[in-house]
Number of protein chains: 2
Amino acid sequence: MKKLNGGFYPPQYTVFLSRKGEGCYVEDVKGRKYLDFASQICSNPLGYNHPAMIEVVKEYSFTAPVKVAGQDFFIEEHVRLLEELMKITPKSINSGFLINSGAEAVENALKICYKFTGRRLGVGFENAFHGRTLGALSFTKSKKLYYEGFPLLDSVTIEFSEQGAERLEKVLSENKAAFVIIEPVQGEGGYNIPTMKMMKTVRRVTKKYKVPLICDEIQSGMGRTGEWWAFQHFKIVPEVMTSAKALQVGAVLANKKMFPESGVISSTWGGGHRIDLAMAVAIIRTIKKEKLLKHNKRMGKVILGMLKELEEQELLINARGLGLMLAFDLPTKKARDEVVKENFKRGLLTLGCGEKSIRVIPPYIITELEAAEGIEIITQSLRKVLKQ
Amino acid sequence: MKKLNGGFYPPQYTVFLSRKGEGCYVEDVKGRKYLDFASQICSNPLGYNHPAMIEVVKEYSFTAPVKVAGQDFFIEEHVRLLEELMKITPKSINSGFLINSGAEAVENALKICYKFTGRRLGVGFENAFHGRTLGALSFTKSKKLYYEGFPLLDSVTIEFSEQGAERLEKVLSENKAAFVIIEPVQGEGGYNIPTMKMMKTVRRVTKKYKVPLICDEIQSGMGRTGEWWAFQHFKIVPEVMTSAKALQVGAVLANKKMFPESGVISSTWGGGHRIDLAMAVAIIRTIKKEKLLKHNKRMGKVILGMLKELEEQELLINARGLGLMLAFDLPTKKARDEVVKENFKRGLLTLGCGEKSIRVIPPYIITELEAAEGIEIITQSLRKVLKQ
């Protein structure tokens, strides 16, 4: 595997997932069961083998190919998903371009803004993660390893803080920027939640200087934080937004007037994967039907409460979260990596982020009992690692 | 649809494909049947509802999610496809990174070469198409509309000709290039086939100046030309190659030593779509089992013969092709667009490319009877349009 996979990145643990699982639990190929606090990096909002998802794969079990050139040969699944998305986005955002990944969603968000403004400079934030393709990578700052040694596009990078937001006004007054791109809650860079003041300032100064604001909702969107989009917590509306992960496809969404003339953006497979598109529709409808936004808000508070208790016991640092987008810190990277490993040994899947954080991102369907089970494992792991 | 889809690009005809179809024929949602000479832009090598493909979707009809974070949580489908790919690539190419699209495959090919050489300048060709993300777009020259007004990475662009290949030596002797990227048969830019001498020169001078050669096989690869990879027709081996379209996923393939250190390249969904990965394996095995490489070579000659006859009758210009990657020209763009439209009216799906070319790219399973049927429709369309 190491040799075959040129992109091999040794995680803290190696697991081969089987196709068996139910709810928040998944089995590996050896038949071992895990409670999932990682949700395929937020790509799996409904857990394993949810009836609504199984209905989709069953429906397509006599369809081949499932993947078509969706910008040239239309399919109804494409239209259905765009319609469904427009029901859960702000009114001013009335058009979308569906694409193959989060990185491609960001690439197209940038392209739309470069073209719309006729400008060449982009502004992003420290610790941001927007993807690995060279355009998106130009605004990805979470780890030096990701971008060092590559030719990148012109960018200015701002501190992800209230002070940074203040400095943004100076940057925009001195430069003609094509866009400001921000994750309303930073993901890979450490699950950093901005203050209301910071986000309001970002929105105010981008409006003042007529610079389109891109909200990257690839990790934070699709209901994880208890709102459809994390920017809603801050009562702002961006000009352009991206989605992917929980959506199953990539999407860049904006007002139709932001999109460039026909032919400027396209993609062979964009909007052309019948199963992924139908799955996305089923996920949105299930989140509504099972009232999971409300559930995520409530369960987020429950789990944050549990993490805060562990913080009081000095077992962890900086418990934080919005809805089910939660995280906490360890004193060192080493301790973090060991806790992730210990969690795995005890049957809990977790993922690191930032320098020394651990994400707590269970599927939306998690119950209080399952939350308690996961937190109990984390407590055991913390005790073991901190004792060493 | 026009308003909802921000990436809407009005084709010469609008068709909504149903899931019904068999072999080279597909039905639209109104129940109209079409013979397919477009193969979802080479993404559909086995035609519609091929038993080997149906077996895959059936197999996964009780699996959800089908899409996982494949670089963190491994799945066997990922390993199986890498193993399968290594059986059909040159011996020196022994590792791969699976990714979400052709554009992303190219982005990663570029990243691998930038990092491997420590250089910043890339060299590409006129009329090339490598994708629409901003890195790949920097080397996409087939239409000005695609790249105009965007910030791009440093590039030198060479004429796609023997003279161009000669000039490449001068360029490489005067500049430190990170890579030379070429489509062994140009796709979107006009189905341009290089001469043996041109490709040999490109390979010779890139070797001489130790510049990695990237062969972009996204459209030309996976057996369409009658060899697994179009570069095999020219008896050359590149350092890095890309695949996508007929493969159902994106892939960048190279010797393991070309890949950067762990963590430099990655992707949430890369190598994580169970159905697409399993479909890719089934497609490779079916091409072998049904001896479709040989069939593509033979049918390519048959169809090229038919096109040459039409050329002799002065109904078309410049019939050309390698295997089932065929095309011909009309005198003007307007005539080309009209022939594509007339074909559609008569029940034949075709696609333009270049300035005034039409692609002839049926599924690999096409029979002589179906070829004759399609060519008959093309003949009728040509007669109608040229009479006007």
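Two residues are in contact when heavy atoms of one lie within 4.5 Å of heavy atoms of the other. The exercises below apply this idea to a predicted model.

**Exercise 1.** Describe how chain A and chain B meet, beginning with how many residues are in contact.

*Solution.* Begin by counting: 102 residues of chain A are in contact with 102 residues of chain B. Next, turn to area, where the two chains bury about 9400 Å² between them, with 61% of it on carbon and sulfur atoms. Finally, look at single residues of chain A: Arg19(A), Phe73(A) and Phe74(A) lose the most area to chain B, and together they make up 10% of what that side buries.

**Exercise 2.** Work out which polar and charged pairings the rules find across the interface of chain A and chain B.

*Solution.* For salt bridges, the rule finds four across this interface. The side chains of Lys67(A) and Asp276(B) form a salt bridge, with 3.2 Å from N to O, and this fits the rule because the cut-off is 4 Å. For polar contacts, 57 residue pairs are found across the interface, both residues being at pLDDT 80 or more. By class, the side of chain A that touches chain B has 51 nonpolar, 29 polar and 22 charged residues.

**Exercise 3.** Find which residues have the most contacts inside the largest nonpolar core, and follow one of them to its neighbours.

*Solution.* The largest nonpolar core has 230 residues, and those with the most contacts inside it include Leu81(A), Met222(A), Leu85(B) and Ile275(B). Leaving aside residues up to four places away in sequence, Ile275(B) touches residues of both chains, among them Val57(A), Ile275(A), Val56(B) and Tyr60(B). A second, separate core of 62 residues includes Phe97(A), Phe259(A), Ala109(B) and Ile214(B).

Technical notes: Residues numbered from 1 in each chain as written. Chains lettered and ligands numbered in written order. Predicted model: local features only at pLDDT ≥ 70, side-chain atom pairs only at ≥ 80, totals over all residues. Heavy atoms only, no water. Core = buried A, V, L, I, M, F, W, Y, C linked by side-chain atoms within 4.5 Å. Buried < 20%, exposed > 50% of the residue type's maximum accessible area, 1.4 Å probe, protein only. Buried area = accessible area lost by both parts, 1.4 Å probe. Polar contact = N/O pair within 3.5 Å; in protein donor to acceptor, adjacent residues only side chain to side chain. Nonpolar A, V, L, I, M, F, W, Y, C, P; charged D, E, K, R; others polar.
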